Amino acid sequence: MLKLSKGIYQLIYKKITYYSLLLFTLISFNVKAQFEINGSAVHKGSGEYLLTPASAAQVGSIWFKNKISLEESFDLDFELYFGTKNGGADGISFCLQPLSTSIGVSGGGLGIQGVNPSFIAEFDTYRNSGDPDFDHIAIQKNGDVLNTGVNNLVSAVRIKSGIDDVENGQWYPMQVKWDATLKKFDLYVDCTLRVSYTGDIVNSIFGGNPNVYWGFTASTGAANNEHRVRNVR
């Protein structure tokens with residue numbers, strides 16, 4: 001049996017450590033390089049992004065740099081964090097839009113208000129006029145986050161079933177699915193379907209253009225919270 005000296009073992013260990021760190025760095029860089037980062041958003045490493053700090057009048061967004069085609073189905077997992085301040089503001093959106101990778105609007109519009117055309121899953125944690133008395137998900141279009149407005153596609157429900165307040169320092173696993181054949185968008189929280197929308201959004205919202213960016217936005221007003229997203233895959 002071949003025996004190796006202590007020096008050879010140390011050399012092999014150093015080489016393995018070096019290449020392991022190099023691989024980790026390349027993977028981390030690749031994850032970061034996939035997104036355009038705007039405003040207050042910061043890549044924290046290991047696949048985690050801070051969209052807004054817990055400060056007033058902040059707006060941050062991350063957008064996947066390449067457009068996807070809504071003629072193809074997709075399935076996306078991620079986790080969201082809404083801060084620790086019950087009554088803080090304002091929340092996070094997951095959005096599809098064809099315009100650019102630098103969009104983000106401050107204030108109560110979750111960083112996406114006024115972006116037209118757009119298809120939005122809002123995670124709203126602040127009670128504005130017309131909002132329910134719980135942290136909620138709704139499906140909106142065309143940069144309108146008013147739950148009682150004409151651009152509301154799916155009425156508000158609790159972000160997590162049975163929980164009124166998700167600003168509790170916890171991470172919430174999410175999944176969005178787009179079925180291009182059925183023209184159906186589903187959003188799951190902690191493996192439970194929370195909202196679903198069926199409709200020809202390519203033609204009814206995007207004017208026949210199937211190519212869109214996807215990403216996450218968040219904002220704060222006078223009230224605030226940390227908003228984070230991680231493990232997007």
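Where in the chain does V150 lie? The legends below take up this residue and its surroundings in a predicted model.

**View 1. V150 in the loop between strand 9 and strand 10.** The loop that joins strand 9 to strand 10 holds V150. With a relative accessibility of 76%, V150 counts as exposed, because exposed residues are those over 50%. Between the C-alpha atoms of V150 and Q140 the distance is 9.1 Å, and 10 residues separate V150 and Q140 in sequence.

**View 2. N147, a buried residue of the loop between strand 9 and strand 10.** N147 is placed between strand 9, residues 136-141, and strand 10, residues 152-158. Its relative accessibility is 11%, so N147 counts as buried, the cut-off being under 20%. V150, in the loop between strand 9 and strand 10, counts as exposed at 76%.

**View 3. Side-chain polar contacts of N147 with E122 and H136.** The side chain of N147 makes a polar contact of 3.3 Å with the side chain of E122. A polar contact of 3.1 Å links the N147 side chain to that of H136. Apart from neighbours within four places in sequence, the residues in contact with N147 are E122, G130, D131, H136, A138, Q140, N152 and A156. Q140, one of these contacts of N147, is also the residue whose C-alpha lies 9.1 Å from that of V150.

**View 4. An open antiparallel sheet of 7 strands.** The strands follow the order 2-3-15-6-11-12-13, with antiparallel pairing. Strand 2 (42-45) and strand 13 (192-198) are the edge strands; each has a single partner strand, so one side of each has no neighbour in the sheet. From one strand to the next, the twist averages 25°.

**View 5. The pairing of strand 6 with strand 11.** Strand 6, residues 74-81, runs antiparallel to strand 11, residues 171-179, and 8 bridges connect them. Among the bridge partners is W178 of strand 11, which is paired with F74. In the order of the open sheet, 2-3-15-6-11-12-13, strand 6 is listed beside strand 11.

**View 6. The whole chain as context for the close-ups.** The chain contains 2 helices and 15 strands. Of its 233 residues, 48% count as buried. Of the contacts between residues at least 6 apart in sequence, 65% join residues at least 24 apart. The accessible surface of the chain is about 11100 Å², and carbon and sulfur atoms account for 52% of that area.

Definitions and conventions
Residues numbered from 1 in each chain as written. Predicted model: local features only at pLDDT ≥ 70, side-chain atom pairs only at ≥ 80, totals over all residues. Heavy atoms only, no water. Helix = DSSP H or I, 4+ residues; strand = E, 2+ residues; numbered from the N terminus. Buried < 20%, exposed > 50% of the residue type's maximum accessible area, 1.4 Å probe, protein only. Contact = heavy atoms within 4.5 Å. Areas by Shrake-Rupley, 256 points an atom, 1.4 Å probe, with all protein chains shown as cover. Polar contact = N/O pair within 3.5 Å; in protein donor to acceptor, adjacent residues only side chain to side chain. Pairing = 2+ DSSP bridges. Axes fitted to C-alpha atoms, helices over the stretch in contact; angles between N-to-C directions.
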